[in-house]
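Ready to work through a protein model by hand? Below are a few exercises, each with a solution that goes step by step.

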Amino acid sequence: MILETTHYNKDHKKTIDSMVGSSFSFMERLKMGGIGSKRMIINEVSPNMKSFLNSVSDINYGNIELRPYGILVAITKGLRNFTWIVPYYQFYMYNVNGISIHAQGRFVHFKDSKMFKENHSFFEKLKKLKIAYDIEHPHIDSI
């Protein structure tokens with residue numbers, strides 16, 4: 001699900017909290033060493049997400065926020081902000097020439113750049129949280 005989050009909206013907050021949990025507490029954030037990535041360059045997105053990117057040749061930026069049961073991928077389009085809500089049970093991440101986040105029939109590929117390299121420790125935290133979630137909430141694939 002993608003929401004326009006340029007302005008605060010109580011309904012959006014409730015939706016986000018119900019899907020991926022409320023934000024970590026201040027103490028949890030300190031213990032984790034932060035819950036947000038640095039800004040990264042978006043290299044490519046799935047066709048059903050092109051409308052959330054700048055239509056001119058501007059560079060598109062995004063970042064990721066960790067939540068207890070998923071992640072929030074924030075995309076900036078001009079002066080507007082969009083947030084893609086991705087629960088861990090739908091989340092897949094591929095490390096190919098950067099990082100590619102896949103879920104819900106969509107994907108965002110972040111370019112392998114200096115900004116991306118600065119987020120190495122963040123992606124390690126993300127992997128650990130995803131693994132811990134999968135261990136705690138195993139799902140059974142139907143055959």
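**Exercise 1.** Which backbone oxygen does the side chain of K125 reach?

*Solution.* Before we start, note that this is a predicted model, where local features need pLDDT of at least 70, side-chain atom pairs count only at pLDDT 80 or more, and totals for chains, interfaces and linings use all residues. Residues are numbered from 1 along each chain as its sequence is written, and side-chain values use heavy atoms, with hydrogens and water left out.

- Step one: find K125 in helix α4. Helices here are DSSP runs of H or I with at least four residues, strands are E runs of at least two, and both are numbered from the N terminus.
- Step two: follow the side chain of K125 to the backbone oxygen of G33, 3.1 Å away. That fits the cut-off for a polar contact: a pair of N or O atoms within 3.5 Å, where, within protein, one must be able to donate a hydrogen and the other to accept it, and residues adjacent in sequence count only if both atoms are side-chain atoms.
- Step three: look for a charged partner. K125 is buried yet has no salt bridge, and the nearest side chain of opposite charge, E124, is 11 Å away. Buried means under 20% relative accessible area, exposed over 50%, and partly exposed in between (1.4 Å probe, protein chains only). Lys and Arg count as positive, Asp and Glu as negative, while His and the chain ends are not counted. A salt bridge needs a side-chain nitrogen of Lys or Arg within 4 Å of a carboxyl oxygen of Asp or Glu.
- Step four: list the neighbours. Leaving out residues up to four places away in sequence, K125 touches M32, G33, G34 and L66, contact being heavy atoms within 4.5 Å.

**Exercise 2.** Work out which parts of the chain the salt bridge between E118 and K38 links.

*Solution.*

- Step one: check the pair. The closest N and O atoms of E118 and K38 are 3.9 Å apart.
- Step two: place both ends. E118 sits in the loop between α3 and α4, K38 in the loop between α2 and β2, and 80 residues separate them.
- Step three: check the surface. E118 is partly exposed at 39% relative accessible area, and K38 is partly exposed at 45%.

**Exercise 3.** Trace the network that holds K13, D17, E65 and R67.

*Solution.*

- Step one: start in helix α1, where D17 and K13 lie four residues apart, about one turn. Their side chains meet in a salt bridge (2.8 Å, N to O).
- Step two: add E65 and R67, whose closest N and O atoms are 2.9 Å apart in another salt bridge. Shared partners join K13, D17, E65 and R67 into one network.
- Step three: compare burial. R67 is buried at 9% relative accessible area, whereas E65 is partly exposed at 24%.

**Exercise 4.** Which members of the largest nonpolar core touch the most other members?

*Solution.*

- Step one: know the term. A nonpolar core is a set of buried Ala, Val, Leu, Ile, Met, Phe, Trp, Tyr and Cys residues joined through side-chain atoms within 4.5 Å.
- Step two: pick them out. I64, I71 and W84 touch the most others among its 29 residues.
- Step three: see what supplies this core. Helix α4 gives the most, with four residues.
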